Amino acid sequence: MKRSNRADCRMSVPQNCPRRQRERKPVTPSNLNSRTHSEDDEQGERQRHRFHGLIVEDPRLIWRRNLITTNRKTEWKHNGIVNHLSQKREGTPVNIIVGSHVWVEDLDVAWIDGLVLKVSGKKAEIQTSNGNKITAELSKLYPKDTEAATAGVDDMTKLSYLHEPGVLQNLRARYELNEIYTYTGNILIAINPFQRLPHLYNADMMQKYKGAPLGELSPHVFALGDAAYRAMMNEGKSNSILVSGESGAGKTETTKMLMQYLAFLGGRSSSEGRSVEQQVLEDIEKYKLGDPKGFHYLNQSKCYELAGVSDSRDYLATRKAMDIVGISEKEQEAIFRVVAAILHLGNVDFAKGKEVDSSVLKDDKSKFHLKTVAELLMCDAQALEDALLKRVMVTPEEVIKRSLDPLNAAVSRDGLAKTIYSRLFDCSILEKRRKKLICSIILCSFEQFCINFTNEKLQQHFNQHVFKMEQEEYTKEQIDWSYIEFVDNQDVLDLIEKVP
Ligand SMILES: Nc1ncnc2c1ncn2[C@@H]1O[C@H](COP(=O)(O)OP(=O)(O)OP(=O)(O)O)[C@@H](O)[C@H]1O
């Protein structure tokens with residue numbers, strides 16, 4: 001399922017009608033939320049989940065276009081925040097005249113601001129703020145809001161001009177002040193700070209955000225976690241937070257913060273007076289784990305500790321968060337058994353066997369790890385050993401077993417580890433979803449399906465809250481502007497979500 005061209009989904013704000021000139025209630029995360037309630041009601045049973053959107057971005061990608069390959073740039077523009085917010089390029093009535101302050105594309109810094117010196121035909125001559133004089137097509141210029149707050153705005157819906165340079169400038173201005181979070185309605189955008197900002201995540205901050213309505217305090221990942229948790233408790237309904245972003249943008253770190261916050265909200269004191277180390281030691285023995293240096297899958301980077309990161313605490317926070325989101329003790333045990341089994345599996349080594357191109361378990365250590373894997377996965381140790389040492393080929397006539405040499409046995413071991421790990425997530429999600437809806441799709445690429453579905457869901461979220469709502473408001477306020485058609489992807493969502 002490929003994404004359709006979203007270019008026609010972009011919203012155009014009339015140039016002669018900057019949004020701040022109109023007397024209107026600013027669109028805040030909280031009033032957007034109240035709208036979601038009524039829409040949920042309308043959708044009734046069909047809406048099994050409430051979704052909260054969180055987009056993480058890598059500043060190196062969004063501000064330095066020369067670091068982005070053409071494809072990546074296009075992909076980002078089509079999938080990222082700017083696509084949802086930016087002003088329609090073609091056919092937009094851009095009222096650029098001599099003396100206008102504008103944004104123009106720049107290879108080094110993505111967008112540079114400048115002053116229009118001359119307009120002739122479809123082109124303009126611009127004096128850029130870095131001292132260059134350039135000529136650009138009028139249709140490629142975007143008006144600059146000269147009255148924009150230098151510190152930026154905490155919610156992108158408050159921007160006067162919703163176009164790519166405006167959005168990026170706002171994120172950048174905030175980022176320079178270490179304000180890495182910004183709302184777009186009730187969607188949170190997080191920019192990777194590439195440095196620890198402990199003051200943002202300490203216990204005081206958690207306390208501050210606990211119970212505060214979304215939008216009341218500065219944008220924060222805790223605010224989103226809080227909204228999801230409250231909605232879950234109040235409505236008895238599942239909630240999902242979609243964390244979307246490029247590789248390296250900070251999804252994992254953001255998710256960790258969310259988990260910590262959810263654990264804090266759950267507040268179940270499972271420690272019973274024991275120290276963190278004692279509790280974790282409660283599990284290391286059980287899963288026959290030990291020093292990470294001793295595990296092949298953990299010791300490749302040779303990096304075992306990070307300043308300010310406590311694996312023990314993160315582990316306990318994860319367990320607590322699992323409690324909160326309703327993963328039972330038994331399911332948690334199963335999850336950690338599988339994870340521990342994967343680590344042990346990585347330590348199973350192979351040596352040459354007696355026959356040509358065959359292999360055996362290398363030593364007693366490997367035998368121990370294989371036995372532990374079998375115990376943890378509750379499977380037969382001999383069958384597991386066979387599966388690692390031999391390849392099975394099924395032909396129409398017969399089933400052929402062929403021995404593997406040590407190198408290929410190691411490849412088979414790593415393949416098994418990857419498959420088990422990936423199945424762990426498929427199974428957890430499957431448990432929570434209606435099998436009817438999902439089974440056939442898993443046979444395709446489940447991961448890609450999830451990515452596409454998430455993108456479609458986010459797109460619909462933006463359609464609902466930015467396009468539909470804004471247009472309704474313009475109509476209500478009788479503002480003279482042309483109605484923009486946009487592609488509604490509800491049919492795509494119905495295909496996946498709707499009960500057949
Ligand atoms: N909020 C944050 N605070 C501090 N550092 C961060 C934060 N978010 C990301 N980082 C830094 O960026 C690095 C990459 O982030 P992370 O691993 O979360 O990315 P990712 O989106 O999960 O990547 P991938 O999709 O490739 O797994 C982290 O190792 C960390 O150094």
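# Reading strands, helices and a ligand shell

Analyst: Start with a hairpin: 4 residues link E12 to E13. The model is predicted, so local features need pLDDT of at least 70 and side-chain atom pairs count only at pLDDT 80 or more, while totals for chains, interfaces and linings use all residues. Residues are numbered from 1 along each chain as its sequence is written.

User: How do I read names such as E12, and how many helices and strands does the chain have?

Analyst: Helices (H or I, at least four residues) and strands (E, at least two) are DSSP runs, numbered from the N terminus. Here the chain has 17 helices and 13 strands.

User: How many bridges join E12 to E13?

Analyst: Two strands pair if DSSP finds at least two bridges between them. Strand E12 (residues 390-394) and E13 run antiparallel and are joined by 5 bridges. Within that pairing, Ile400 of E13 stands opposite Met393.

User: Is strand E13 covered or hardly covered?

Analyst: That rests on burial. A residue is buried if 20 or more other C-beta atoms lie within 10 Å of its own, exposed if 12 or fewer, and partly exposed in between, with C-beta atoms placed from the backbone. Strand E13 (residues 399-403) has 5 residues, and the count of buried ones is 0, so the strand is hardly covered. Across the chain of 500 residues, 28% count as buried.

User: In what order do the 5 strands of the open sheet stand?

Analyst: The order is E5-E4-E3-E2-E6, and the pairing is antiparallel. E5 and strand E6 (142-143) are the edge strands, as each pairs on one side only. For reading any such sheet, note that in a regular strand the side chains alternate between the two faces.

User: Why does strand E5 lie largely in the open?

Analyst: Strand E5 (residues 133-137) lies largely in the open because the number buried among its 5 residues is 0. Strand E4 (residues 123-128) pairs with E5 in the antiparallel sense over 5 bridges. Two of the partnerships can be checked on screen: Gln127 has Lys133 in E5 as its bridge partner, and Ala124 has Ala136 in E5. The hairpin of E4 and E5 has 4 residues between the strands, and Gly131 in that hairpin takes a positive phi near 90°.

User: What is the phi of Ala110, and where is Ala110 found?

Analyst: Ala110 is not a glycine, yet its phi is positive, about 70°. Ala110 is part of strand E3 (residues 110-120), and it counts as buried because it has 21 C-beta neighbours inside 10 Å. Asp357, also a residue other than glycine, has a positive phi near 50°. Asp357 is in the loop between strand E10 (350-352) and strand E11 (359-361). With 13 C-beta neighbours inside 10 Å, Asp357 counts as partly exposed.

User: Which residues surround the ligand most closely?

Analyst: A residue is near a molecule or strand if its C-beta atom, placed from the backbone, lies within 6 Å of it. The shell around the ligand has 14 residues, and the closest are Ser247, Gly250, Lys251, Thr252 and Glu253.

User: How do the residues of the shell divide into nonpolar, polar and charged?

Analyst: Ala, Val, Leu, Ile, Met, Phe, Trp, Tyr, Cys and Pro count as nonpolar, Asp, Glu, Lys and Arg as charged, and the others, Gly among them, as polar. The shell holds 5 nonpolar, 6 polar and 3 charged residues. Helix H8 (residues 251-266) gives the most to this shell, with 3 residues.

User: How far does H8 reach from its first C-alpha to its last?

Analyst: The expected span of a helix is 1.5 Å times one less than its number of residues. H8 has 16 residues and reaches 22 Å, close to the 22 Å expected. Its buried residues include Leu258, Tyr261 and Phe264.

User: Which residues does the UniProt annotation "binding site" cover?

Analyst: UniProt positions are given in the numbering used here, feature names are shortened, and annotations may be inferred rather than shown by experiment. The unreviewed entry's annotation covers Gly245, Glu246, Ser247, Gly248, Ala249, Gly250, Lys251 and Thr252. Gly245 is in strand E9 (residues 238-245) and counts as buried, with 21 C-beta neighbours inside 10 Å. Thr252 lies in helix H8 and counts as exposed, with 10 C-beta neighbours inside 10 Å.
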